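This report is meant for a reader who is meeting the structure for the first time. Please look through the sequence and the model shown here before reading on.

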Amino acid sequence: MPDAAAIVAALAPAVPGARLEDGQALDQPTIVVPREHLVPACRALRDQPGLRFDVLADMTAVDRWPGEPRFEVVYHLLSTSAPARLRLEVALDRDDAHVPTVRGVWESAGWLEREVWDLFGVVFDGHGDLRRLLMPEDWDGHPLRKDYPVQIRMKPKVYAPLQVTEAEFHAQIEKDRTVRGGTGLERGREKKG
Amino acid sequence: MTELRTETMTVNMGPQHPSTHGVLRLVLQLDGETVVSVQPTIGYLHTGIEKTAEAKKFQQVIPLVERMDYLSSHSNSLGFALSVEALLGLEVPRRVQDIRVLLVELQRINSHLVWLGTHGMELGAVSIMLYTFRERELILDINELIAGFRMFPSYIRVGGLREDLPPGFHEAVRRVLDLLPGKIEEYEDLLTKNAIYRKRTRGVGVISAADALSYALVGPIARGSGVAYDVRKAFPYSGYETYDFQVPVGTRGDVFDRYLVRIEEMRESIALCRQALERIPPRGEWAADDPRVVPPPKDRVYTEMEALIQHFLIYSQGFVVPPGEAYVPVEGPRGEHGCYVVSDGGNRPWRVKMRSPSMLACQALHKMIVGGMIADVIAVIGSIDVVMGDVDR
């Protein structure tokens, strides 16, 4: 498996001027990519010979609240031919949680980005179908954010009982009786008699 | 004469449809009996496990992640345990690795048996379901033997296993392993050579290798399309590199090839289980020798003060994991599983994310369904083997 420095070196000509940093992870090579260079970098990682990361295996985000930059969007790439793995990270500020979509590079990003938007509120520009995926459509807020209130005490919904006075109650029974022509009880008595 | 109406028809399937394997909803556009478009809706089973896990100590997350993909509980807990062990820099002993391999491979057979039974039943072969569930019972009995719990044993823990193997474990597993090959032959007699089954599955729900990779369907689905990628071979964990096994690969990418791949996988799993069983001594180490994570044995807890303190600390405060992030992939029954764990240096995970192969399979459903007949929708959903607990988490 190539290390992060080798991948950064191979990637550098495809994204001129980008500051690609080694993320220093223990388990697999990790590269921190600036947001504006994300899509060209991903395209190069997929197509460039020697890299060929043909699968976006997984994608998620991490909320570092109250730290800054608040969000990290994390992409787990996989090359089935090499085989090799790579993690991309994009750091986002609290007030500006926007990332360009990589749906044009890997189809699997479609629902993965929807999930991250749903649970973290990170917007994927150009996605085209950014709807809630796991939460109900009318849900407020993004539950995996660290400042999301976890234990909300909802006010119990109370339905007022039907307000009927005693006089109205008897009047309704009387009305019912006249419509049906007597209660069932009376009919029963008649049969007996 | 009235004019013929030719518009398409919208049909809602699910969320409570018996053959959507849980609560999956599909909105289909039909032109006659041909499917024009499909819109899957998921999320009916979302229980917020990843959010819950952030409030639990590391060892307490194991039972939670097991409940995500409820047919492959051992793979889930193994994925989580391996990621946390990577962060801790922990090596588990050889014997523990072999026991883990044995359990995960038994779990794969178990999951494939459930898939085979339900998939066959949906296509009208009702009897196969009764047979596969009969054999699955035997594997659940082994779970019960080791942990007292059939579906969610929580036996694989961070740092090793919960306890040592019970007496009689080897004989029980060997009995099942001796029985299964003959049973798999019987299933094949019922389906592989069955003209109706072949007609319903050959050339149905085809997905190309390029599409399978673009939609990240790495696992049995991509292998059915001819991608020979298997985590156990590509990124070996728990000592898989020392085992002798093949990765079955299909060619056509249709429902029938995915069926053949899974049947062969069961045979390979039996071979793996046999090798693992040979290597496991009946008594021995069942956890890493690491006092940070693994509590001392009970007889020492009852007699030594230091052991008692250590035991108390581990069970009340858990253990601290150094800051960092790790994702160790494992090959689950449905494809690449794996748990992305982020730690901030505390005793609870900062973020837990389980890769969900079933969710990605649902996303790619339209590639396999659109253009086919509505009756084939059932065959395709069965063949991608979705577990809704894994889709919605």
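## Cis peptide bonds in chain A

In this predicted model, Pro66(A) lies in the loop between strand 3 and strand 4 of chain A, and the peptide bond that leads to this proline from Trp65(A) is cis, with omega near 0 degrees. A cis peptide bond also joins Ala82(A) and Pro83(A), where omega is about -20 degrees, and Pro83(A) has its place in the loop between strand 4 and strand 5 (84-92) of chain A. Such bonds deserve a remark because most peptide bonds are trans.

## Contact between the chains

The contact draws 26 residues from chain A and 31 residues from chain B. On the side of chain A that touches chain B, the elements giving two or more residues are strand 3 (55-63), strand 4 (71-79) and helix 3 (109-120) of chain A, and the largest share, 6 residues, is that of strand 3. The residues of this side of chain A comprise 16 nonpolar, 6 polar and 4 charged.

## Positive phi values in chain B

Ser238(B), found in the loop between helix 10 (231-234) and helix 11 (255-279) of chain B, has a positive phi of about 50 degrees although it is not a glycine. Ser238(B) counts as buried because it has 24 C-beta neighbours inside 10 Å, where 20 or more are required.

Arg393(B), in the segment after helix 17 (388-392) of chain B, is likewise a residue other than glycine with a positive phi, near 50 degrees. With 25 other C-beta atoms within 10 Å, Arg393(B) is therefore buried.

Notes: Residues are numbered from 1 along each chain as its sequence is written. Chains are lettered from A and ligands numbered from 1 in the order in which they are written. This is a predicted model: local features need pLDDT of at least 70, side-chain atom pairs count only at pLDDT 80 or more; totals for chains, interfaces and linings use all residues. Two residues are in contact if their C-beta atoms, placed from the backbone, lie within 7 Å. Helices (H or I, at least four residues) and strands (E, at least two) are DSSP runs, numbered from the N terminus. Ala, Val, Leu, Ile, Met, Phe, Trp, Tyr, Cys and Pro count as nonpolar, Asp, Glu, Lys and Arg as charged, and the others, Gly among them, as polar. A residue is buried if 20 or more other C-beta atoms lie within 10 Å of its own, exposed if 12 or fewer, and partly exposed in between; C-beta atoms are placed from the backbone.
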